[in-house]
Structure formats: C-alpha cells, structure tokens
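Me: I've got a fold open on my screen and would like to talk through its empty spaces and one helix pair. Can you take my questions in turn?

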Amino acid sequence: MPVRVAPGRWPLLGHTPALVRRPVQFTAGLREHGDVVKLFLGPLQTYFLTNPELIHRVLVTDGSSFGSGIMFRKFRPYAGNGLALSDGPFHRRQRRLMLPAFGQQHLRRYAEIWVRATTALAESWRPGEVRQIDADMQALAMTNVGEALFGTELGEEAIREARRSIPLVIQLGMYRVLSPGFVEKLPLPFNRRFDQATARMKAVVHGLLASRDPDTDHGDLLSTLLLARDADTGERMTREQVHDEVMTLLTAGTETTALILAWTCHELGRNPGMAERVRAEVDQVLGGRPATFDDLPALACTGQVVNEVLRMYSLWILMRRTEQEIDLGPVRLRPGDEVMFSPLALHTDPRYWDHPDVFDPDRWATDRVKSLPPGVFLPFGNGIRQCIGHLFARAEVVIGVATIFARWRLAPAGPVRVRYTTIAYPRGMPMTVHPRE
C-alpha cells in the first residue's frame with residue numbers, strides 16, 4: 001500500500017504552515033491517513049508515524065538503527081554535541097559516563113535540595129495572594145537544578161538570563177526545525193534572537209565552569225561530569241564536552257520540569273476533590289515531616305496525578321534519523337531518512353485512552369492502562385535515547401507537589417491560554433493561594 005502525503009502541503013513551505021498554525025490538531029489528525037504518512041518540512045520529506053508499534057521499533061527494538069534526527073541537529077549551535085544531540089559511539093560513551101549521576105544514591109541527595117527549595121518557596125507565599133505559578137515553578141526548577149548541578153544556588157543574574165533565554169531558544173529553535181533549511185541562514189529577527197539567546201546562555205555556563213577546579217569533588221553533578229573516566233580508555237570529558245552537557249542538562253532540567261510542576265498545580269486547582277486526596281495521602285505518608293526519595297512509592301495517588309499531567313501536557317514532536325536501511329511498516333527507509341512522531345498525539349489517541357481530553361488520574365490504576373501496548377506512553381522517550389534525567393524529573397515533581405499541597409490549596413485566578421513549541425507553554429498561570437482548610 002503506498003504511503004499517503006498528508007493533506008495541507010504548500011509549495012516550497014510544505015506542511016510547515018499547518019504545523020505552526022494548528023500543531024496539536026494537525027498531528028493528531030494524521031492518524032486518519034495511515035500508520036505512516038509523508039510530511040514535508042519545506043522541501044524535506046519526512047515520515048510521520050502514528051502506529052505505536054512502529055514507534056516502539058524506532059525507539060527500542062531497532063533503536064540502534066536511528067540517530068537523533070534533524071530536530072536535534074537544529075539546536076547544535078546552542079547545545080553543541082550534548083547528550084540529546086550526539087549519536088553513535090560518542091553518544092553511548094557520554095551516556096555511560098553520565099548515568100551514575102542519576103542513580104538512586106544521588107537522587108536521594110537531590111531530593112533534600114528539592115524539599116528545601118520548595119519549602120522556601122511555599123513559605124514565601126501569603127494567604128489570598130495571587131501568584132503566577134508558571135513563573136514560580138520556573139524559578140524553583142532553576143534553583144533545584146542549580147544546586148544539584150553546581151552545589152550552590154545559581155546567581156540572580158544567571159537565573160534571570162536562563163529564564164529569559166531558554167524558552168526563547170526552544171521556541172525559536174522549533175521554528176528552525178519546521179522551516180526550510182535556507183531560512184536559518186537569512187538575517188531574520190527570529191534568527192538574531194536565537195543567536196543572541198544562545199550567546200547569553202553560553203556565557204552563563206562558561207562563567208559557572210570558569211571557577212571550578214576539575215580535580216576537586218564537590219559532591220554535585222558537575223563534579224561527577226568533570227571526574228568521570230571512560231572505563232575503556234581512562235579518559236575524562238574535555239572541557240568543551242562538559243560545557244555541552246551542562247547546557248543540555250540545564251535546559252532540559254529546568255524547562256520541562258517547571259512546566260510539569262505548573263500544569264500539575266493547574267489541574268489540581270481545577271479539580272479540588274483530587275487535590276484533597278493528594279493532601280490526605282501526603283498527611284498519611286509523611287505525617288508532617290519533609291518528603292524523601294524513599295517516600296515516592298507510597299505517594300501513589302500523587303504519582304498518578306503526575307502521570308496524568310505527563311500524558312496531557314507531553315512533548316509535541318520527536319524526530320529520529322535513519323542510520324541504515326530498514327523496513328518500517330509499509331516503507332523501506334534509507335540512511336538519512338527523517339522519521340517524526342508525536343507523543344502528545346499518542347497520549348490523546350482515543351484508540352488507547354478512554355475520554356482522553358479528561359483529567360483522570362484514576363485511569364492509572366485501571367487494567368486498561370496497565371495493558372497498554374509499548375509505544376503508547378512516552379513522556380520522556382524510550383530506549384537508548386530516553387531522557388537520562390527522567391527519574392530525576394519525575395521524582396522532583398512528585399516531591400514538589402507533595403511539599404506544596406501539604407501547606408496550601410491553590411485555586412485558578414484567571415484563564416490560562418496555551419501555546420505549543422516542543423511542549424505546552426501557559427501564557428501566564430495566575431492562581432490564588434489559600435491556607436489548608
């Protein structure tokens with residue numbers, strides 16, 4: 001059966017206008033046109049996958065046959081050859097060197113940072129105050145990652161630059177991904193803003209690295225990177241490699257986590273009954289003491305809430321690049337072919353989820369969800385390129401929610417509009433904080 005071209009293709013621009021104007025609706029609708037659909041980013045032909053079995057093959061079963069894809073290469077001016085962007089033996093080496101920093105021993109120590117920072121934020125709120133929760137969660141995530149990465153709080157200037165520049169880089173970088181290749185070479189305003197934001201973030205990271213003795217263990221993630229040695233060669237990462245990994249971790253570890261935290265507060269504010277269940281669980285499990293990493297299994301209801309937020313507000317697009325010839329469903333892919341899929345479209349596909357537009361954390365305790373096929377739920381990707389910090393991020397969110405809702409009840413204070421780049425961004429999230437009843 002021939003692979004169909006998705007409707008809405010423009011001359012020269014391909015499907016870019018549809019992807020920019022109606023990103024979520026457009027990619028969700030592609031399932032109606034087959035398991036594999038041809039999609040054009042300008043003149044570049046890609047294969048969009050809607051079948052979770054095929055996506056699982058790309059990520060896991062045949063994961064070694066696929067590289068990072070053009071989506072990640074467009075961010076190379078920003079993050080160099082960091083873990084999310086690198087491929088092949090170098091990627092495997094870097095992942096092996098970095099993985100110990102995300103083991104349970106380190107996560108237990110990071111959890112103490114998260115509790116301390118979240119408690120300080122919660123104690124700074126006042127009853128009846130209206131907070132921009134998305135901004136609060138971004139600042140919190142910056143503090144959490146800064147202390148975990150560098151063993152100290154990021155300076156005010158570094159936090160200000162990161163909060164200004166990281167969302168710009170992600171948004172403008174996605175414009176580059178979806179546009180014809182020649183667009184990024186034009187002297188357009190969004191290209192200049194991307195380059196300026198990149199330069200500001202590089203300056204922040206260079207400043208953080210400049211004062212660090214690479215031979216001294218400060219007990220933080222940066223020391224783990226600087227001191228790690230390849231088991232085969234005994235070599236350490238170069239300063240440039242450490243810089244690229246810090247850029248990657250600082251970006252992924254703040255932006256995604258901040259948004260998950262914010263959307264969780266938003267949904268619990270809109271669903272006070274579920275918020276009460278979370279508070280009751282927190283009271284029962286913690287009894288007024290701070291949360292620890294070892295409490296996570298017992299915070300089951302809170303974990304289900306976070307899973308549901310990850311389902312509803314997940315990554316919009318991921319891409320991979322074929323490294324060797326391979327049959328995938330109805331197509332034979334050649335080296336260099338680009339493959340796309342949408343975790344968000346999978347997470348809201350009515351073929352797999354009952355009432356997918358409804359916030360329902362209880363679905364995570366049902367047999368239907370437990371029996372979902374592989375490839376249907378991908379909040380952090382999967383396989384050899386799964387986000388290395390996925391346990392870090394999920395634990396940080398659960399502990400953050402438990403700490404906040406043990407003290408406060410949050411209520412929406414205005415409408416929340418959404419825009420999509422790689423993930424759902426709220427355009428402001430005003431919420432009123434009330435003491436627990």
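Reply: Sure, here come some questions and answers on cavities and helix packing, bearing in mind that this is a predicted model.

Me: How many cavities of 30 Å³ or more are there, and how much space lies in the largest cavity?

Reply: The count comes to four cavities of 30 Å³ or more. The second largest cavity has a volume of about 70 Å³. As for the largest cavity, its space is about 980 Å³.

Me: Which element gives the most to the lining of the largest cavity?

Reply: That lining has 45 residues, with Phe 72, Ala 84, Thr 248, Ala 252 and Cys 387 nearest the centre of the cavity. They split by class into 30 nonpolar, ten polar and five charged. Several elements supply at least two residues each, including α6 (88-98), α9 (156-178) and α17 (390-405). The top giver, with eleven residues, is α12.

Me: And which elements each supply at least two residues to the second largest cavity's lining?

Reply: Its lining includes Thr 27, Phe 48, Asp 349 and Arg 351. By class, the lining has six nonpolar, three polar and three charged residues. The elements you're after are α2 (23-29), β3 (44-49) and α15 (343-347).

Me: Back to α12: how is it set against α14, roughly parallel or roughly perpendicular?

Reply: Ile 260, Trp 263, Thr 264, Glu 267 and Leu 268 of α12 meet Val 305, Val 309, Leu 310 and Met 312 of α14. By class, that contact has seven nonpolar, one polar and one charged residues. The axes come within 10 Å and cross at roughly 110 degrees. So α12 and α14 are roughly perpendicular.

Definitions and conventions: Residues numbered from 1 in each chain as written. Predicted model: local features only at pLDDT ≥ 70, side-chain atom pairs only at ≥ 80, totals over all residues. Heavy atoms only, no water. Axes fitted to C-alpha atoms, helices over the stretch in contact; angles between N-to-C directions. Helix = DSSP H or I, 4+ residues; strand = E, 2+ residues; numbered from the N terminus. Parallel < 35°, antiparallel > 145°, perpendicular 65-115°, else oblique. Contact = heavy atoms within 4.5 Å. Nonpolar A, V, L, I, M, F, W, Y, C, P; charged D, E, K, R; others polar. 1 Å grid on protein atoms, 1.4 Å probe; cavity = no way out; pocket = protein on both sides within 12 Å on 5 of 7 lines; lining within 4 Å. Points joined across faces, edges and corners; volume = space filled by probe spheres on them.
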